[in-house]
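Welcome, and thanks for taking a look at this one with me. Here is a short set of notes to read beside the model.

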Amino acid sequence: MYHDLFFLTLLAIVFVVANYIIHKYIIFFALKKEIKPYLKSKNLTFIRVKSVGLFNSGDFPKKKLHPFVPKFGNIINETLVYVYARTPEKNEIRFTAKIITAFFIVKNVEYKGL
């Protein structure tokens, strides 16, 4: 019995750690391929990113909670992050980036509040 409990606990820990690593991977590639080039085109300097939280939608309109398994096998997910940048006048600004992924591949990034 204790072996089963140990196995289930270990499985839960691996699941949480894997989700965390995937989340960081998505943000890293979105920064590299989409967000930093966008900031450079707007003459802004990147400072940092911060997660908006599980139930917060940042500057985007609030949406209803959706199930963890997308409808009809849709593999498109959205990750929301706050992006902090610095203007040429040394002012710090914050806006929300919605990273749209399809099976861990960044497909599009939308910006709101910039």
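The points below go from the first helix to the strands, the aromatic rings and the loops.

1. A word before we start: this is a predicted model. Please keep that in mind as you read the points that follow, since local features are described where pLDDT is at least 70.

2. Let's begin with helix α1, which runs over residues 2-41. The helix has 40 residues, and from its first C-alpha to its last it reaches 57 Å, close to the 58 Å expected at 1.5 Å a residue. Do look along its axis, though: α1 has a kink of about 50°, and the kink is centred on L31.

3. Which residues of α1 are buried? They are I26, I27, A30, L31, I35 and L39, so L31 appears here as a buried residue as well as at the centre of the kink. A general point helps when reading such a list: an α-helix has 3.6 residues a turn, so residues three or four places apart point the same way. As for what lies over these buried residues of α1, the cover includes β1, β2, β3 and β4. To find those strands, look for β1 at 45-51, β2 at 76-86, β3 at 92-102 and β4 at 105-112.

4. Now to the aromatic rings, where a search of the whole structure finds five pairs. One of them joins Y38 and Y111 in a stacked arrangement, with 4.0 Å centre to centre and 10° between the planes. Y38 belongs to helix α1 and Y111 to strand β4, so this pair ties together parts that are 73 residues apart in sequence. Y38 counts as partly exposed, because its relative accessibility is 23% and the buried class ends under 20%.

5. Y111 has another ring partner to show you. F95 and Y111 make an edge-to-face pair, 5.8 Å centre to centre with 65° between the planes. Here F95 lies in strand β3 and Y111 in strand β4, so the parts tied together are 16 residues apart in sequence. Is F95 buried or exposed? F95 is buried, with a relative accessible area of 0%.

6. Two further ring features deserve a glance. Y25, F28 and F29 are linked into a cluster by ring pairs. Elsewhere, R48 lies over the face of Y84, at 4.1 Å from the ring centre.

7. In strand β4 you will also find N108. What does N108 touch, leaving aside residues up to four places away in sequence? Its contacts are K98, I99 and I100. For K98, 10 residues apart from N108 along the chain, the C-alpha separation is 8.2 Å. N108 itself is partly exposed, at 34% relative accessibility.

8. Finally, two loop residues have a backbone angle worth checking. N43, in the loop between α1 and β1, follows the helix and has a positive phi near 60°. F103, in the loop between β3 and β4, has a phi near 50°, again a positive value in a residue other than glycine. Both are on the exposed side of the cut-off: N43 counts as exposed because its relative accessibility is 54%, over 50%, and F103 is exposed with a relative accessible area of 56%.

Conventions. Residues are numbered from 1 along each chain as its sequence is written. This is a predicted model: local features need pLDDT of at least 70, side-chain atom pairs count only at pLDDT 80 or more; totals for chains, interfaces and linings use all residues. Side-chain values use heavy atoms; hydrogens and water are left out. Helices (H or I, at least four residues) and strands (E, at least two) are DSSP runs, numbered from the N terminus. Buried means under 20% relative accessible area, exposed over 50%, partly exposed in between (1.4 Å probe, protein chains only). Contact means heavy atoms within 4.5 Å. The expected span of a helix is 1.5 Å times one less than its number of residues. The bend at a residue is the angle between axes fitted to the seven residues ending there and the seven starting there. Rings of Phe, Tyr and Trp (its six-membered ring) pair if their centres lie within 6.5 Å; planes under 30 degrees apart count as stacked, over 60 as edge-to-face and the rest as tilted. A charge sits over a ring if NZ of Lys or CZ of Arg is within 6 Å of the ring centre and within 35 degrees of the ring normal.
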